[in-house]
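Let's take a walk through the inside of this protein together, looking at how its interior is packed and where empty space remains. Have the structure open and follow along.

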Amino acid sequence: MKNKRIAILGAGGLGVCTALELANRGYTVDVYEENNAPVKKASYVQEGKIHLGLIYAMDRDFHTAKEMINGALHFISYLKRWVEINPEDIISTPFYYGVHTGSLMSPEEVSVHYQRCSDYFAEARKHFKKDYLDLFESLEVSRLANSQIGEIANPEYMSAVFQTTEYAVEPRIISKKLTEAIVSHPNVNLFLNTKVTAVSDQGNSLKVHFIRDSKEDSESYSEVINATWNGLLAIDKTMGIEPPQKWSHRYKFGNKIFIPLKPDDLPSLTIVQGPFGDTVNFKDRGLFMSWYPVGRTGWSEDYRAPEWDSQYSEEERMEVFEKSLEKIALRIPKLNNLKFETKDISPVGGVIYAHGNKDVDSTESKLHTRSEVGMRSFGKYHTVNTGKYTIIPLLAVTIANQITGKTLN
């Protein structure tokens, strides 16, 4: 079985982790990536939060929170299958959650959800026998007294603030380590600057069609895993596969400022529930900052997302950064105390693919959930909706188990 040819389309976080897991099991894997480097798009530019379900309070069925907590408990332990990593070196300060005035949920409603997350965390940790980020044994959430809100955020905009033990990891460090691992693995062939245009069923094999160096070419494989992101649906369509429901692609800026911070210089704060934003304090590695109403600059319901990355000049990116900073600093005043120069700023954006075509300002939006994720198989063709960064390592091992027909914990 290890002689069969396996292709993975997309060298983002999921594609690389899946390739490394299969390669470590003795399989030879060809990985196709249309960009000039692996793990440099969505898994590189986002905030790196390893979700414990807290932000998904709008999913009343609790399915998304369970998905996130299960993924979070496996995140570091499974990542260590492929790279050497010390979680203490890459985690943020712990998150606060601020309930914005005009939130889609009241502080009391989110508090009930947070307690439910904490209870399920304890249950899942006992079942999986794993600690969160290999460091923490429990999920703690406590509401600050109203007199304490001003220490974290502007009380004019916040009806409540909760202190939690949820964290982010610096995704750029993980990207670097995964890149080094896949480039050097003897069982992985990495084809960069190669755009997959279609997959066709040849009866006893699957043919991957691609463009490299402006030339069309193709290769045949026993199994194909479509782990692309903004190209997922367009490639599926060439196999006659439609999305299971309505969808959307969004382009969202996730600004980084590379200045060293002390833990008290800025809170890691997620503002809920609705079209708000967050800050993440990565201490010596700088900070992440986004404000959704300004930073969500693109929306598409096409099968393939537009080439948004190439559509913004540096001046336009800086304008998004400055407007985002202005808005979120009204809510988090400590941002106004930070000193940095233009050279310290990285105003980058990334594509978000998700089920649902109503934006997050609606209580009916499917974007408030991420439970309908994972792999769908059509014979030997497999298409994967990653969902969230948090579940990538667990999903990669799950996919490898299915492909190899052997379950490894």
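A good place to begin is a lining: around the largest cavity of this predicted model, the residues divide by class into 2 nonpolar, 5 polar and 3 charged. Those residues are Ala354, His355, Lys366, Thr369, Arg370, Ser371, Glu372, Val373, Asn385 and Gly387. The space they enclose has a volume of about 80 Å³. In total, the structure holds 2 cavities of 30 Å³ or more, so there is one further cavity to visit.

That second largest cavity holds about 70 Å³ of space. What classes of residue line the second largest cavity? Here 9 are nonpolar, 2 are polar and none is charged. The lining is made by Gly13, Cys17, Val39, Ser43, Phe75, Leu79, Ile174, Leu178, Tyr389, Ile392 and Pro393. Several helices come together around it: helix 1 (13-24), helix 3, helix 5 (171-184) and helix 9 (392-404) each provide at least two of the lining residues.

Some of these names return when you turn to the packing. The largest nonpolar core has 76 residues, and Leu22, Leu79, Tyr132, Val169, Ile174 and Leu178 have the most contacts inside it. Helix 3, spanning residues 63-79, gives the most to this core, with 9 residues. If you would like one residue to click on, try Leu178: leaving aside residues up to four places away in sequence, Leu178 touches Val16, Cys17, Leu20, Val39, Leu79 and Val83. Another core lies apart from the largest one; this other core has 27 residues, among them Ala153, Leu269, Phe276 and Ala329.

Cys17, which we met both in the cavity lining and beside Leu178, deserves a second look. Is Cys17 buried or exposed? With a relative accessible area of 1%, Cys17 counts as buried because the cut-off is under 20%. Cys117 is buried too, with a relative accessible area of 0%. As for cross-links between cysteines, the structure holds 0 disulfides.

Finally, let's move from cavities to a pocket. The second largest pocket contains about 190 Å³ of space. Around this pocket you will find Thr93, Pro94, Tyr96, Glu151, Ile152, Gln163, Pro263, Asp264, Leu266, Pro267, Ser268 and Lys334. By class, the pocket lining has 6 nonpolar, 3 polar and 3 charged residues, whereas the lining of the second largest cavity has no charged residues.

How values were computed
Residues are numbered from 1 along each chain as its sequence is written. This is a predicted model: local features need pLDDT of at least 70, side-chain atom pairs count only at pLDDT 80 or more; totals for chains, interfaces and linings use all residues. Side-chain values use heavy atoms; hydrogens and water are left out. A nonpolar core is a set of buried Ala, Val, Leu, Ile, Met, Phe, Trp, Tyr and Cys residues joined through side-chain atoms within 4.5 Å. Buried means under 20% relative accessible area, exposed over 50%, partly exposed in between (1.4 Å probe, protein chains only). Helices (H or I, at least four residues) and strands (E, at least two) are DSSP runs, numbered from the N terminus. Contact means heavy atoms within 4.5 Å. On a 1 Å grid over the protein atoms alone, a cavity is a set of points where a 1.4 Å probe fits but cannot get out, and a pocket is an open set with protein on both sides within 12 Å along at least five of seven lines; lining residues have an atom within 4 Å of a point. Grid points are joined across faces, edges and corners, and a volume is the space filled by probe spheres set on the points. Ala, Val, Leu, Ile, Met, Phe, Trp, Tyr, Cys and Pro count as nonpolar, Asp, Glu, Lys and Arg as charged, and the others, Gly among them, as polar. A disulfide is a pair of cysteine sulfur atoms within 2.5 Å.
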